[in-house]
Amino acid sequence: ETLKSQNNINFSDISKDTWLQIPTWTQITELYGTKPIVVGLDQCQTFRDAVPEEHRIIAPAGLFNTGTNLIAQLLEHNCYFPKRLRLYGRHGKNARPGVAWQTPWGKHSPPEFRNKTVEDP
């Protein structure tokens with residue numbers, strides 16, 4: 001039930017005290033669930049209706065250690081807006097396929113910072 005079940009990892013250097021602090025998988029799933037929660041899926045059509053494709057930019061945001069770097073990489077390698085891509089291209093100095101590394105208010109900033117703080121995406 002604990003991480004010890006992962007047979008491809010060497011756990012011999014982890015002390016008993018440390019093991020006692022690590023939650024079981026059941027405890028983790030009871031707290032966070034078994035599936036990711038994506039907030040805002042109900043707003044996709046509103047976004048599409050409001051923002052012309054050549055102006056669309058998507059980016060991940062979330063708490064630290066929740067997979068935002070992985071999501072950013074997956075978006076970068078798998079998503080683009082065809083009209084934006086034709087306009088700006090995918091590679092080169094001025095390329096802008098429509099995927100940013102982080103939201104304008106920062107990848108790990110609280111949602112309250114939205115439209116108040118601007119980072120370089």
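**Helix α4, both faces**

I started with the outward side of α4 in this predicted model. There I found L70, H77 and N78, and these residues are exposed. Then I turned the helix round to look at its other residues. Within α4, which spans residues 68-78, I noted T68, A72 and L75 as buried. Why do they sit on the same side of α4? Their directions cover an arc of only 65° around the axis, so they share one side of the helix.

**E76, also on α4**

I stayed on this helix for one more residue, since E76 lies in α4 as well. Is E76 buried, exposed or partly exposed? I logged E76 as partly exposed, because its relative accessibility is 44% and that class runs between 20% and 50%. Next I asked what E76 touches once residues up to four places away in sequence are not counted. My list reads R90 and V99. I also checked E76 against W101: they are 25 residues apart in sequence, and their C-alpha atoms are 8.2 Å apart in space.

**N65, just a loop stop**

From α4 I stepped back into the loop between α3 and α4, where N65 lies. The backbone angle caught my eye here: N65 has a positive phi of about 60°, although it is not a glycine. As a reminder to myself, most residues other than glycine have a negative phi. I marked N65 as exposed, because its relative accessible area is 81%, against a cut-off of over 50%.

**T103, after the last helix**

I then went to the segment after α5, where T103 is found. Buried or exposed? T103 is buried: its relative accessible area is 6%, and the cut-off is under 20%. I wanted to know which residues it meets, leaving aside neighbours within four places in sequence. T103 is in contact with A59, P60 and A61. For A61 I wrote down the separation too: 42 residues in sequence, yet 6.3 Å in space from C-alpha to C-alpha. The side chain of T103 has a polar atom 2.8 Å from the backbone oxygen of G106.

**Cysteines**

How many disulfides are there? I got a count of zero. While there, I looked up the accessibility of C44 and C79. C44 counts as partly exposed, because its relative accessibility is 30%. C79 counts as partly exposed at 26%.

**The whole chain**

Last, I stepped back for an overview. I counted five helices and zero strands in the protein chain, so to speak an α-α-α-α-α run from the N terminus on. Of its 121 residues, buried ones make up 18%. Among contacts with a separation of 6 or more, residues 24 or more positions apart account for 44%. I put the accessible surface at about 10,000 Å², with 55% of it belonging to carbon and sulfur atoms.

**Confidence, before I close the notebook**

The protein chain has a mean pLDDT of 81, and 84% of its residues reach 70 or more. Where is confidence lowest, and where highest? My note says lowest in helix α5 (residues 82-88), at a mean of 86, and highest in helix α3 (residues 44-50), at 93.

Methods
Residues are numbered from 1 along each chain as its sequence is written. This is a predicted model: local features need pLDDT of at least 70, side-chain atom pairs count only at pLDDT 80 or more; totals for chains, interfaces and linings use all residues. Side-chain values use heavy atoms; hydrogens and water are left out. pLDDT is the predictor's confidence in each residue, from 0 to 100. Helices (H or I, at least four residues) and strands (E, at least two) are DSSP runs, numbered from the N terminus. Buried means under 20% relative accessible area, exposed over 50%, partly exposed in between (1.4 Å probe, protein chains only). Contact means heavy atoms within 4.5 Å. Accessible areas come from the Shrake-Rupley method with a 1.4 Å probe; for residues, only the protein chains shown count as cover. A polar contact is a pair of N or O atoms within 3.5 Å; within protein, one must be able to donate a hydrogen and the other to accept it, and residues adjacent in sequence count only if both atoms are side-chain atoms. A disulfide is a pair of cysteine sulfur atoms within 2.5 Å. The arc is that of the directions from the helix axis to the C-beta atoms.
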